[in-house]
Amino acid sequence: MDEPPRRLAAPESIRRGAVRITRWFELPPEAQAAVDEWLRDGRLVRGEAFKAGRVHRCGEAVLKRFDRGDEHRLRALFPGDAALREARRAHAIRPVRAPEPWAALRSPQGGLLVSEYVAGATLRTAWVESEASRAALPEFLARMHSNGVLHGDPHGENMLWTGDEWLLLDLGGLRRGLHCLVLRGQLVRRHWARLVHDVLYVDPNAESQLRALFGNYLERVAPRRDIARDAEAAWSTVRRGAAEYTARWVAQAARR
Ligand SMILES: Nc1ncnc2c1ncn2[C@@H]1O[C@H](COP(=O)(O)OP(=O)(O)O)[C@@H](O)[C@H]1O
Ligand SMILES: [Mg+2]
């Protein structure tokens, strides 16, 4: 394996014409070559594609491209900041962990985020293959929610089990601050509903295990939280939410 990249003594932000590069680490040659290619002709082609043209693994790095079209509403006025925003969020959500951001670039064509590659499995695979990954779910979700980290798009592909811990991926839709205070109860239930839907898809008999994990989660989040006051009612809401996700998924699959 390559040497791990060197962390810079302080983050560095430089401008080269219309391009801004923010770096926390020195990039390994393979990642740098892919970055140069993206800067030159706006394409991400190197390495193994997790999502072709959008998320590629190049050696020990993962490169993620953000295009103008990916941005919602007002943010579309500031294309390219998405990469820097995602990198800053990876720092801001600690003690919840995300892959370490190495560099974020902005150019007129959009943004590029370079992060460490972390070997692991996303939720559906980890659930089936690793008992430890299941047991670690209540603590991971409680740590997220108690620290006001609420994922706007909390599906299982945005969670990575490393064998030791869960990491959070894809921080673009993260909700924090006031938004999170107002919607917290709703977002927490939605997160669990999405998780239950994802797990039941691969393991239809998992309901009682999920219910036990949810109970364990409730013991960990502050008891004053509205969700912990009536565990049975909270679980019914989560189950209903999961059934809605499943119904939507079935309808979409039928249309395809
Ligand atoms: N740093 C990483 N290490 C390992 N796998 C990753 C990493 N980043 C992304 N992936 C993989 O690529 C997939 C897509 O990345 P993600 O950031 O979720 O992009 P998108 O916004 O397109 O969903 C993830 O579901 C995961 O399987
Ligand atoms: Mg994703």
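The shell around ligand 1 comprises 8 nonpolar, 3 polar and 5 charged residues. Both domain 1 (7–116) and domain 2 (121–255) supply at least three residues each to this shell. The model is predicted, and its other main feature described here is an open sheet of 7 strands.

**Ligand 1**

- Of the 16 residues around ligand 1, the ones that come nearest are Phe-50, Val-62, Pro-99, Glu-157 and Asp-170.
- Two elements, β3 (48–51) and β5 (61–67), give two or more residues to the shell around ligand 1.
- By class, the shell around ligand 1 holds 8 nonpolar residues alongside 5 charged and 3 polar ones.

**The sheet**

- The 7 strands of the open sheet follow the order β1-β2-β6-β7-β5-β4-β3, and their pairing is antiparallel.
- Strands β1 (7–16) and β3 form the edges, each pairing on one side only.
- From one strand to the next, the twist averages 15 degrees.
- Edge strand β3 also gives two or more residues to the shell around ligand 1.

**Strands β2 and β6**

- Strand β2 (residues 19–25) pairs with strand β6 (residues 101–107) in the antiparallel sense, over 4 bridges.
- Within this pairing, Arg-20 stands opposite Arg-106 in β6.

**Helix α2**

- Helix α2 (residues 81–92) lies across four strands, namely β2, β5, β6 and β7 (110–116).
- Relative to β6, helix α2 runs at about 160 degrees.
- Strand β5, one of the strands that helix α2 lies across, also gives two or more residues to the shell around ligand 1.

Technical notes
Residues are numbered from 1 along each chain as its sequence is written. Chains are lettered from A and ligands numbered from 1 in the order in which they are written. This is a predicted model: local features need pLDDT of at least 70, side-chain atom pairs count only at pLDDT 80 or more; totals for chains, interfaces and linings use all residues. A residue is near a molecule or strand if its C-beta atom, placed from the backbone, lies within 6 Å of it. Ala, Val, Leu, Ile, Met, Phe, Trp, Tyr, Cys and Pro count as nonpolar, Asp, Glu, Lys and Arg as charged, and the others, Gly among them, as polar. Domain bounds come from an automatic or database domain assignment. Two strands pair if DSSP finds at least two bridges between them. Axes are lines fitted to C-alpha atoms, for helices over the stretch in contact, and angles run from 0 to 180 degrees between N-to-C directions. Two residues are in contact if their C-beta atoms, placed from the backbone, lie within 7 Å.
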